[in-house]
Amino acid sequence: MEASFRPVSFLFLAFLFLPNFLFFFFCAGLSELRCIDTERQALLNFKQHLIDPSNRLSSWTAHGDCCLWEGVVCHNLTGHVHELHLRTFYPEGGFTTEEQLKLIGGQDLSDNYFQGPIPVDLQNMTSLSHLDLSWNNFNSSIPNWLYSLSRLEFLNLGGNNLQGTISSAIGNLTSAVSIRIDLPSNRLNQETFLIQGFQMWFLLHFGTCLHSSISKSLPQSNPWRNSKKSLILSASVIDLSSNHFKGPLPCISSNVYVLDLSNNSFSRSISHFFCFKVNEPKMIAHLNLEKNLLSGIIPDCLMNWNNLEVLNLRNNNFSGSIPASMGSLTYLKSLHLYNNTFSGKLPSSLKNCEMLVIIDVAENRFAGNIPSWIGHRCTSLMILSLRSNYFHGHIPKELCALTSLQILDLSHNKLSGSIPRCVKNFSAMATNNISNDHLNSYSISHYDGEILPLESALLVIKGNILEYSTILQLVKSIDFSKNNLSGEIPKEVTSLQGLQSLNLSYNFLIGSIPENIGTMGSLESIDFSLNQLSGQIPSSMSSLTFLNHLNLSNNNLTGKIPLSTQLQSLNPSSYVGNKLCGPPLTVNCTTNGVKPNNENISSKETGGLEVDWFYVSMALGFVVGFWSVCGPLLLNKQWRIMYFQFLDHMWYKLKGVVSF
């Protein structure tokens, strides 16, 4: 029995120690792993074509281990050069890639300003997984052999002078995670194509960079339709923005997560786009179609687009009303419909979109009352822009429940009534603290670390229309201009001490400017022009040290302009159409220590002329003096004879003195 167990025990001990033996064997072998001679020589030849002003390639010596050289990464098992990181080096001219570096896994040659065609020797690097040739001066077409690198995961050709066409062979890059070609002035004439999701987070980027001129079109067939790999992250990013695509919108797979087709020339209706496979749920969360030539109505096919978080349809030619199915977008955070011709009322179904952070429907033809449900249901709202529509009625007090609101633009409508006193409840405007960055919380991070802010807004501030994006979360503004508002400016507005811009111009506001407006220390722009405000400019306004735009023109303001660096440095046109005096106006506030504006009010109000008492007293003195002397001479004959005898006597004496 014991003898029969001995073989078993031996085998047991062998299996027990074998893993440890193999571990130490391989570790010892790897510790002696050195660079392959042919690849070291290839790198030395490659070094000859580079200018090294900072001598960063000093470690690249003929007898050194290239795996220890700066910028070189070798494979842990095979010893082959796997990656080259040479971003910041400048070659003397074009470079030649050695055939011996056939198994390089990643090559970063960006920011080196290489010139000429893309080197053909790169086609021998069949194991390339990362190829970055961006920001150089390559001026050839995209070679077809580039599409045969089946292991390529990252490709960046942006910022070059590439020409020609994009071949349909791009579909062979089935391992691709990110493809960036970055074309600003290309003339791509793609009519329609279908792009499906990749197995991983995929970025197809033809966005804005330098001087590329890819012409003709993208492949019309779906280049990845034969890919049989499963979707791991269920997410895809497609960025074809800032090109010259035209024709109808392409249809997309339900697996696309981000689609950016902005700033192109896509046209016609979008019914086929939204209603494509209408019963199939869509994964898309971000859709950007702004700055195209799209037209027609939005079809009532949004029921299965309920994963949308950002919907941007700005600057198109859409018309009609908003479909009720938009209320199905319960995850919607950002709605941009700016500059279209939408009409009708805002549908009540939008109250289901309780996660909305931005509502921008400016420059349309919406009408009716401002819905009160916005204040009750959209409690996370930070931007509400209803500018340049046909809304009428009062400003609903329910809006005051929007404590996170930072930008409120109701200008260019037909609103009436008074400004609600509950504006003090806009607590986000009452503090100088920077709010949580919800506006850019759904930015996309590219594989190279670049962050693209997805949110922007066009705001009228300081009299100019400006687009804010990266600093949008820092802006705090109220604009009620060009309406029919009446009543006084509520003093409660002065509690909004974080407000930067306040525009109440072109209304019928009366009363005086709130006395403690100087407590709004963050104000940079104030416009109260073309109202019926009266009284004096509050002296506290001189403490607004950030103020650089002020317009109080065409009111009934009186008195002296308070003294401060800001108020006196402004253009005098900011004060015209009032009864003001003092710098920067040329009207002097004091004459002999008298303030004419305060003393002349009664005569002006009664319709009389202004009286200058200096000239009155001079005329009165002349009359009194004349009759005091001449009156007695005319009335008393004896005094008159004596007066003339006195004059004759003085005349003879004067004549004698002169003749002497």
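**Exercise 1. What share of residues 613-635 is helix, and how far apart do the end C-alpha atoms lie?**

Solution.
Step 1. Look at the secondary structure of the span in this predicted model. Residues 613-635 are 100% helix and 0% strand.
Step 2. Take the two end C-alpha atoms. They lie 32 Å apart.
Step 3. Turn to the record. An unreviewed UniProt entry annotates residues 613-635 as "transmembrane region".

**Exercise 2. Which residues form a nonpolar patch on the surface, and what accessible area do they have together?**

Solution.
Step 1. List the members. They are Phe622, Val623, Phe626, Trp627, Leu634 and Leu635.
Step 2. Take their accessible area together. It comes to about 730 Å².
Step 3. Place one of the members. Trp627 sits in helix 8, residues 613-635. The UniProt annotation "transmembrane region" covers residues 613-635.

**Exercise 3. Which strands stand at the edges of the open sheet, and why is one side of each left without a neighbour?**

Solution.
Step 1. Write down the strand order. The open sheet has ten strands, in the order 17-20-22-24-26-28-30-32-38-40. The pairing is parallel.
Step 2. Read off the edges. Strand 17 (246-247) and strand 40 (508-510) stand there.
Step 3. Give the reason. Each edge strand has a single partner strand, so one of its sides has no neighbour in the sheet.

**Exercise 4. How many bridges join strand 38 to strand 40, and which residue in strand 40 stands opposite Ser486?**

Solution.
Step 1. Find strand 38 at residues 484-488.
Step 2. Count its bridges to strand 40. There are three, and the two strands run parallel.
Step 3. Match the residues. Ser486 stands opposite Phe508 of strand 40.

**Exercise 5. Follow the sheet from strand 20 through strand 22 to strand 24, naming a bridge partner at each crossing.**

Solution.
Step 1. Start at strand 20, residues 265-268. Two bridges join strand 20 to strand 22, residues 293-296, and the strands run parallel.
Step 2. Name a pair. Arg268 has Leu294 in strand 22 as its bridge partner.
Step 3. Move on. Strand 22 pairs with strand 24, residues 317-320, over two bridges, again in the parallel sense.
Step 4. Name a pair here too. Gly296 has Phe318 in strand 24 as its bridge partner.

**Exercise 6. How many helices and strands does the chain have, and what percentage of its residues is buried?**

Solution.
Step 1. Count the elements. The chain has nine helices and 45 strands.
Step 2. Apply the cut-off: buried means under 20% relative accessible area. Of the 660 residues, 47% are buried.
Step 3. Add the surface. The chain exposes about 32400 Å², and carbon and sulfur atoms supply 56% of that area.

Definitions and conventions
Residues numbered from 1 in each chain as written. Predicted model: local features only at pLDDT ≥ 70, side-chain atom pairs only at ≥ 80, totals over all residues. Heavy atoms only, no water. Helix = DSSP H or I, 4+ residues; strand = E, 2+ residues; numbered from the N terminus. Buried < 20%, exposed > 50% of the residue type's maximum accessible area, 1.4 Å probe, protein only. Areas by Shrake-Rupley, 256 points an atom, 1.4 Å probe, with all protein chains shown as cover. Pairing = 2+ DSSP bridges. UniProt positions renumbered as here; feature names shortened; annotations may be inferred. Patch = residues over 30% accessible without salt bridge, like charges linked within 9 Å, V, L, I, M, F, W, Y side chains within 5 Å. Salt bridge = Lys/Arg side-chain N within 4 Å of Asp/Glu carboxyl O.
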